[in-house]
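This report looks at one helix, one strand and several charged pairs. Please keep the sequence and the structure in view while reading.

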Amino acid sequence: MTREEKAVIIDELSQKFASTPYFYITNASGMSVGEVNALRSLCFERGIEYRVVKNTLIKKALETLDTDYSSFDEVLKGFSGVMFHPESGKVPAQLIKEFKKKSGSDKLKFKGASVDSSVFVGENQLDILISLKSKQEMIGEVIGLLQSPAKNVISALSSGGNKLAGILKTLSEKED
């Protein structure tokens with residue numbers, strides 16, 4: 001691979017890392033061609049882009065970004081594949097866990113992830129990433145929490161309004 005080709009790949013990766021807030025670095029060494037193809041098709045079904053890239057190119061692309069990814073230095077050893085997902089930080093984590101369970105082996109290893117510029121390193125972080133809520137889920141919960149007290153107040157006022165109207169009608173009839 002020539003320097004120009006490497007520069008093009010680094011530039012593409014830099015743009016991809018900058019535009020995609022959620023990416024995972026995995027290790028798929030030891031997997032057969034069939035297993036890798038199954039992983040790629042699962043990624044495609046879930047809207048995940050999976051690319052195998054040299055560690056030095058990943059490292060150089062990450063160095064161009066504003067976020068400090070120095071903790072990825074220990075992750076970028078051996079075989080590395082990068083999973084990009086544009087909308088959710090937990091979809092790739094769920095895919096990794098499901099693929100391990102379905103294949104019955106630990107050949108696919110989770111090395112590290114970046115979720116909204118937060119860095120997660122190590123296999124033990126996978127369950128934490130699965131439990132993370134997306135921005136849309138958080139907004140939905142906040143809206144639900146804000147709506148429930150308003151609904152209670154409105155229902156109390158409307159039911160109280162009927163009682164108040166009845167009391168006022170009774171009082172006005174007594175005066176007549």
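A residue is called buried when its relative accessible area is under 20%, exposed when that area is over 50%, and partly exposed in between. The model discussed here is predicted, and the description begins with its helix α2.

**Helix α2**

On one side of α2, V33, F44 and E45 are exposed, while L39, L42 and C43 of this helix are buried. The three buried residues cover an arc of only 100° around the axis, which means that they lie on the same side of α2. A general property of helices fits this picture: with 3.6 residues a turn, positions three or four places apart point the same way. The cover over the buried residues of α2 includes strand β2 (49–52), strand β3 (81–85) and helix α4 (91–103).

The length of α2 can be checked as well: because each residue should contribute 1.5 Å, the 13 residues from 33 to 45 should span 18 Å, and the end C-alpha atoms are indeed 18 Å apart, which agrees. Following α2 comes G47, a residue whose phi is positive, near 80°.

**Salt bridges**

How many salt bridges does the structure hold? There are 7 of them, and the table lists three, including one that involves helix α2.

| Pair | N to O distance | Location of the two residues |
|---|---|---|
| E35 and K107 | 3.5 Å | helix α2; loop between α4 and β4 (109–115) |
| K59 and D73 | 3.7 Å | helix α3 (residues 55–63); loop between α3 and β3 |
| K100 and E123 | 2.0 Å | helix α4; loop between β5 (118–121) and α5 (126–131) |

In general, side chains of opposite charge can pair when their charged atoms come close. The pair of E35 and K107 links distant parts of the chain, 72 residues apart, and K107 counts as partly exposed because its relative accessibility is 34%.

The pair of K59 and D73 likewise links distant parts of the chain, here 14 residues apart. K59 has a relative accessible area of 36% and is therefore partly exposed, and D73, at 33% relative accessibility, also counts as partly exposed.

Because K100 lies in helix α4 and E123 in the loop between β5 and α5, their salt bridge ties together parts that are 23 residues apart in sequence. Is K100 buried or exposed? With a relative accessible area of 14%, K100 is buried, whereas E123, at 33%, is partly exposed.

**Strand β1**

Strand β1 covers residues 22–27, and 6 of its 6 residues are buried, so the strand is largely enclosed by the rest of the structure. Side chains in a regular strand alternate between the two faces of the sheet. In β1 both faces are covered, with Y22, Y24 and T26 buried on one side and F23, I25 and N27 buried on the other.

Which strands pair with β1? Strand β3 runs antiparallel to β1 and is joined to it by 5 bridges, with I25 standing opposite V82 of β3. Strand β4 also pairs with β1 in the antiparallel sense, over 6 bridges, and here F23 stands opposite S114 of β4. Strand β3 thus appears in two parts of this account, since it is joined to β1 and is included in what covers the buried residues of α2.

Terms used: Residues numbered from 1 in each chain as written. Predicted model: local features only at pLDDT ≥ 70, side-chain atom pairs only at ≥ 80, totals over all residues. Heavy atoms only, no water. Helix = DSSP H or I, 4+ residues; strand = E, 2+ residues; numbered from the N terminus. Expected span 1.5 Å × (residues − 1). Buried < 20%, exposed > 50% of the residue type's maximum accessible area, 1.4 Å probe, protein only. Arc of directions from axis to C-beta. Contact = heavy atoms within 4.5 Å. Salt bridge = Lys/Arg side-chain N within 4 Å of Asp/Glu carboxyl O. Pairing = 2+ DSSP bridges.
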